[in-house]
Amino acid sequence: DFNVGITDANSFTKIASRNDDQTVMIAIKSDGSLWYWAESGAYFMTWGTADNTWRQYGSDTDWTDISAEDRCFSAVKGGDLLYIGRGSRRQRGDGSTADANSWTVVNSALTWVATSLGYRMQAAVTSTGEAYFCGYNYDYQTGQGTQSGSNATLTREQNSLTSCMGVASGAYRHCKILKGGNIYS
């Protein structure tokens with residue numbers, strides 16, 4: 001039961017769990033609602049109740065994608081890109097490095113379909129198949145062609161790929177882009 005216990009009558013279609021020292025998970029049900037489970041005393045839980053119980057967050061039913069990393073989450077809701085949690089690692093994507101203690105829209109200028117948080121970075125894909133990144137440029141992980149510095153604002157990858165279908169950020173210094181059945185790294 002992974003310290004969570006049995007969950008009855010849930011039809012989750014996506015789930016993401018933070019990889020820090022306290023368990024916090026978010027999940028999307030087939031009806032597009034967002035649910036969460038947080039260990040008692042979990043960090044960055046001002047937005048919900050941390051009591052080892054699955055709970056619905058709000059009543060909206062337009063959540064479509066989620067991702068998790070150390071003390072933060074990203075999500076796609078109604079085509080907007082949202083973020084919550086630690087901001088100091090430049091993963092938010094809106095230029096700010098402040099912590100987001102409630103779900104914050106970090107980009108609504110484009111229509112987003114996928115998000116993936118990784119080691120000190122975020123990747124996201126638009127409905128037109130463009131891949132954007134923010135965070136630290138370790139080992140070229142943000143697609144900017146450099147290993148130094150960081151970018152706190154979502155920036156399109158250097159090759160301006162189109163028709164990207166998804167992204168997968170790694171736990172340590174890498175990211176993959178799925179395009180036309182091929183994987184770009």
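Q: Which residue offers the backbone nitrogen that the side chain of glutamine 22 reaches at 2.7 Å?
A: This is a predicted model, in which local features need pLDDT of at least 70 and side-chain atom pairs count only at pLDDT 80 or more, while totals for chains, interfaces and linings use all residues. Residues are numbered from 1 along each chain as its sequence is written, and side-chain values use heavy atoms, with hydrogens and water left out. A polar contact is a pair of N or O atoms within 3.5 Å; within protein, one must be able to donate a hydrogen and the other to accept it, and residues adjacent in sequence count only if both atoms are side-chain atoms. At 2.7 Å, the side chain of glutamine 22 reaches the backbone nitrogen of tyrosine 43.

Q: Is glutamine 22 buried or exposed, and at what relative accessibility?
A: Glutamine 22 lies in the loop between β1 (12-17) and β2 (24-29); strands (E, at least two residues) and helices (H or I, at least four) are DSSP runs, numbered from the N terminus. Beyond its neighbours within four places in sequence, glutamine 22 is in contact (heavy atoms within 4.5 Å) with Glu39, Gly41, Ala42 and Tyr43. Buried means under 20% relative accessible area, exposed over 50%, and partly exposed in between, with a 1.4 Å probe and protein chains only. Glutamine 22 therefore counts as buried, its relative accessibility being 12%.

Q: Which strands form the edges of the open sheet with the order β1-β2-β3-β4?
A: This sheet has four strands with antiparallel pairing; two strands pair if DSSP finds at least two bridges between them. Inside it, five bridges join β2 to β3, and isoleucine 28 stands opposite leucine 34 in β3. The strands that pair on one side only are β1 and β4 (55-57).

Q: What is the average twist from one strand to the next in the sheet β5-β6-β7-β8?
A: This open sheet of four strands also has antiparallel pairing. β5 (63-69) and β8 each have a single partner strand, so one side of each is left without a neighbour in the sheet. Axes are lines fitted to C-alpha atoms, for helices over the stretch in contact, and angles run from 0 to 180 degrees between N-to-C directions. From one strand to the next, the twist averages 20°.

Q: Which residue takes a positive phi in the hairpin of β6 and β7?
A: Strand β6 (residues 72-77) runs antiparallel to β7, with six bridges joining them. Cysteine 72 has glycine 85 as its bridge partner in β7, and alanine 75 stands opposite leucine 82. Two residues lie between the strands of the hairpin, and the positive phi, near 60°, belongs to glycine 78.

Q: Which residue of β8 is the bridge partner of leucine 81?
A: β7 is mostly covered, as five of its six residues are buried. β7 pairs with β8 in the antiparallel sense, over four bridges. In β8, leucine 81 is partnered by asparagine 107.

Q: At what distance does the side chain of glutamine 91 reach the backbone oxygen of glycine 118?
A: Glutamine 91 sits in the loop between β7 (80-85) and β8 (100-107). Glutamine 91 is buried because its relative accessible area is 1%. Not counting residues up to four places away in sequence, it touches residues including Glu69, Tyr83, Gly118 and Cys134. Its side chain reaches the backbone oxygen of glycine 118 at 3.0 Å.

Q: How many disulfides does the structure hold, and which cysteine sulfur is nearest to that of cysteine 134?
A: A disulfide here is a pair of cysteine sulfur atoms within 2.5 Å, and the structure holds zero of them. Cysteine 134 is in none; the nearest cysteine sulfur is 9.9 Å away and is that of cysteine 72.

Q: How many residues are in the core that lies apart from the largest nonpolar core?
A: A nonpolar core is a set of buried Ala, Val, Leu, Ile, Met, Phe, Trp, Tyr and Cys residues joined through side-chain atoms within 4.5 Å. The largest has 18 residues, and those with the most contacts inside it are Ile26, Trp47, Phe73 and Trp103. β2, β3 (34-38), β5, β6 and β7 each give two or more residues to this core. The other core, with Val76, Ala100, Ala124 and Leu154 among its residues, numbers twelve.
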